[in-house]
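Trainee: Could you take one part of this model and go through it closely with me? I'd like to start from the surface and then work inward to the helices and strands.

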Amino acid sequence: MRVAVVYNQQKQTIDVVQHLLKLLKKADIQLDEREPEIVISVGGDGTLLSAFHRYSHRLKDVSFLGIHTGHLGFYTDWRDYELEELVESLKNNRGQSVSYPLLDVVIRYLNDKPDRHFLALNESTIKRGSRTMVADVYIKEELFERFRGDGLSVSTPTGSTAYNKSVGGAVLHPSINAIQLAEIASLNNRVFRTLGSPIIIAANEWLEIRLQDSNDYLITVDSLDIQQDEIDAIFYRIADERIQFASYRHMHFWHRVKDAFIGDT
Ligand code: NAD
């Protein structure tokens, strides 16, 4: 069993990591930053997002596992006081994992610059700052609508509880193989019209967003800001790759949603 540990720099996290490293050593579990089988993230959801991007070239060979040192996260199942139990589970590892869909993002440029390809675990957004974003939205090569507003967000099922939810998107169970397009402050009046509600795209469909006035947009992929350039279009579809989580334990999804957003009623 080869393990890598990715963590943030908060004092509480560093203490947890030191304790975890001691326990891993005692259990004869090998640390391997280059070719781990399990990546343990210690911190919050943002830490797991950076762990995902660090190892996104090895998704077939790696499973992720999150320990949270702040409040309960969506990608972090283990609490910082459960390290002994966690290491014991790793020792008895039988390769159990659960996998979830990812978002495939391709950016096509107007100049001769080659396309850029990304994978998102949560979402990708396209936004424009002070001026109205104008973009044609195609579903499977057919023009669906001309969007005017602040921007668009395309999210995975596990990302549906993140930025997507803040802009009014639906929360999707992560076993559903689909991606979701949500509007960010669309302009809707007698002249300009969009659907005005989030839509869920099936596994055999894809989205193409063709930007008008193409040089001052901000594209994000999870917590990464993608450098602006003369962008022609952005293509979104469900990725062939999936993320695997080591499933020594698994919290019921709707229980987690309730815990995070509603609390005790
Ligand atoms: P972070 O750990 O600071 O994350 C920011 C917040 O988003 C945290 O409260 C985190 O728990 C929550 N979060 C992240 N992924 C989530 C998920 N899948 N479900 C529910 N909550 C989730 O780290 P960061 O690097 O800033 O995180 C980037 C992510 O933050 C983006 O992918 C985006 O989804 C989210 N975000 C949300 C908003 C918003 O809701 N208005 C704004 C910017 C970014």
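Mentor: Sure, surface to begin with. In this predicted model, the chain exposes about 13,200 Å², and 47% of that comes from carbon and sulfur atoms. As for charge, there are 30 positive and 37 negative side chains, with the centres of the two sets 2 Å apart. On the inside of the ledger, 49% of the 265 residues are buried.

Now the overall build. The chain has 5 helices and 16 strands. Its radius of gyration is 20 Å, close to the 18 Å from the globule rule for 265 residues, so the chain is as compact as a globular protein of that length. Along the principal axes, the C-alpha atoms fill a box of roughly 65 × 50 × 35 Å. Take the contacts between residues at least 6 apart in sequence: 71% of them join residues at least 24 apart.

The part I'd zoom in on is helix α3, residues 83–91, where Leu83, Leu86, Val87, Ser89 and Leu90 are buried. Looking down the axis of α3, you'd find those buried residues within an arc of 155 degrees, so they line one face of the helix. And what sits over them? The cover includes helix α1 (11–26) along with strands β3 (38–43), β4 (63–68) and β5 (78–79).

Helix α2 makes a good companion to that. Within its residues 45–54, the buried ones are Thr47, Leu48, Leu49, Ala51 and Phe52. Strands β3 and β4 turn up here too, as part of a cover that also includes β1 (2–7), β6 (97–109), β7 (116–120) and β16 (231–246). Follow the chain on from α2 and you reach His57, in the loop between α2 and β4. His57 is exposed, at 62% relative accessible area. Across space, its C-alpha is 9.9 Å from that of Glu241, although 184 residues separate the two in sequence.

Strand β6, one of the elements over α2, is worth a stop of its own. Val106 is in β6, and its C-alpha lies 5.7 Å from that of Ile234, with the two positions 128 residues apart in sequence. Leaving out residues up to four places away in sequence, Val106 touches Ala233, Ile234 and Phe235, and also Asp115, Arg116 and His117.

Further along, have a look at strand β10 (142–155), which holds Gly149. Gly149 has a relative accessibility of 4%, so it counts as buried. Again setting aside residues up to four places away in sequence, its contacts are Thr132, Met133, Ile184, Ala185, Ser186 and Leu187. For a sense of span, the C-alpha atoms of Gly149 and Gly70 are 35 Å apart, with the two residues 79 apart along the chain.

One of those contacts deserves a backbone check. Most residues other than glycine have a negative phi. Ala185, which is in strand β11 (residues 179–186), has a positive phi, near 45 degrees. Glu141 also has a positive phi, near 70 degrees. Glu141 is in the loop between β9 (133–139) and β10, and this residue is exposed, with a relative accessible area of 62%.

So if you're going back to the model, I'd put α3 on screen with its buried face, Leu83, Leu86, Val87, Ser89 and Leu90, and then add α1, β3, β4 and β5 as part of what covers those residues.

How values were computed: Residues numbered from 1 in each chain as written. Predicted model: local features only at pLDDT ≥ 70, side-chain atom pairs only at ≥ 80, totals over all residues. Heavy atoms only, no water. Helix = DSSP H or I, 4+ residues; strand = E, 2+ residues; numbered from the N terminus. Rg over C-alpha atoms; globule rule 2.2 N^0.38 Å. Buried < 20%, exposed > 50% of the residue type's maximum accessible area, 1.4 Å probe, protein only. Contact = heavy atoms within 4.5 Å. Areas by Shrake-Rupley, 256 points an atom, 1.4 Å probe, with all protein chains shown as cover. Lys, Arg positive; Asp, Glu negative; His and termini not counted. Charge placed at Lys NZ, Arg CZ, Asp CG, Glu CD. Arc of directions from axis to C-beta.
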